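Open the model in your viewer and set it to a cartoon representation. The stops below go from the sheet to the helices and then to the ligand.

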Amino acid sequence: MPDGPALTTRLLDADTWPDFAALVEANNGVWGGCWCMGFHAEGFANPPSAEANRAAKEAHARAGTVHQVLVYDGDDVVGWAQFGRPPELPNIKNRAAYERELDRLPDWRIACIFTGSKHRGRGVARAAVEGALAEIAAAGGGLVEAYPEQEADRPPQRGAYFQTGPESLYAGFGFERVRKIAKWRWVMRREV
Ligand SMILES: CC(C)(COP(=O)(O)OP(=O)(O)OC[C@H]1O[C@@H](n2cnc3c(N)ncnc32)[C@H](O)[C@@H]1OP(=O)(O)O)[C@@H](O)C(=O)NCCC(=O)NCCS
């Protein structure tokens with residue numbers, strides 16, 4: 001990690017909402033305006049609307065109905081990891097394939113992971129996942145799933161294409177492959 005203030009973490013809530021919003025705005029709403037709503041039970045606004053996604057996310061932050069670790073570099077939010085119980089985050093990618101061979105639901109899942117485009121490659125996602133696992137442990141732990149993308153045996157990918165994070169990130173925290181749910185996407189699990 002480069003010299004400078006150490007990365008710290010806080011949870012997304014009413015107090016940290018402006019810091020989170022600043023990062024999303026600096027990244028064009030993330031994917032053009034998803035505002036990290038895709039994994040929530042209600043999903044994206046219909047008809048599509050960045051403003052409605054933003055309002056829905058802010059309502060979650062103010063109501064305490066979201067679990068999301070924000071990574072700070074000094075006063076600025078530079079990334080996050082969203083986690084929660086499956087009913088809170090039902091809309092995982094490749095959900096139909098996931099449900100086809102489901103043996104048991106996890107106690108927790110890590111869903112959306114994001115690092116601002118100017119802050120990649122310096123351990124922000126690692127800090128976010130570490131923070132999410134610490135929060136899960138503090139809440140009693142259990143079986144945790146993530147759904148990252150395989151990097152091995154394919155050409156190098158830009159971080160932008162790892163929408164659910166790279167496998168090596170989760171492997172570094174002891175997650176193990178369980179089954180494949182898309183050409184490059186795996187269910188990975190670990191106990192906390
Ligand atoms: C994937 C992503 C989260 C990585 O964030 P990051 O802060 O740059 O990652 P880190 O620096 O913490 O890297 C942690 C580990 O992930 C892996 N990794 C990160 N980016 C990688 C890449 N492009 N290729 C291969 N491995 C990568 C490495 O193993 C790295 O460990 P190392 O530093 O020991 O090599 C970031 O690129 C991103 O936000 N992409 C867009 C994701 C997105 O669209 N989210 C919204 C989903 S709806």
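Select the strands of the open sheet in this predicted model. There are 7 of them, in the order E1-E2-E3-E4-E5-E7-E6, and their pairing is mixed. Go to the two edges next: strand E1 (7-11) and strand E6 (176-180) each pair on one side only. Looking from one strand to the next, the twist averages 30°.

Now restrict the selection to residues 67-73 and 76-84, which are strands E2 and E3. These two run antiparallel and are joined by 7 bridges. To pick out one pair, label Val69 and its bridge partner in E3, Ala81.

Add helix H1, residues 17-26. H1 packs on the sheet, where it touches E2 and E3, and its direction makes about 105° with that of E3. Then show H4, which lies across E1, E2, E3, E4 and strand E5 (143-146). The angle between H4 and E3 is about 45°.

The last stop is the ligand. Which residues come nearest to the ligand? Of the 26 residues around it, they are Thr115, Arg120, Ala125, Gly159 and Ser168. Colour strand E4 (108-115), helix H4 (124-138) and helix H5 (167-171), the elements that give two or more residues to this shell. E4 supplies the largest share, 4 residues. Colouring the shell by class instead gives 11 nonpolar, 10 polar and 5 charged residues.

With the ligand still in view, bring back the sheet: E4, which gives residues to the shell, sits between E3 and E5 in the strand order, and H4, another contributor to the shell, lies across E4.

How values were computed
Residues numbered from 1 in each chain as written. Predicted model: local features only at pLDDT ≥ 70, side-chain atom pairs only at ≥ 80, totals over all residues. Near = placed C-beta within 6 Å. Nonpolar A, V, L, I, M, F, W, Y, C, P; charged D, E, K, R; others polar. Pairing = 2+ DSSP bridges. Axes fitted to C-alpha atoms, helices over the stretch in contact; angles between N-to-C directions. Contact = placed C-beta atoms within 7 Å.
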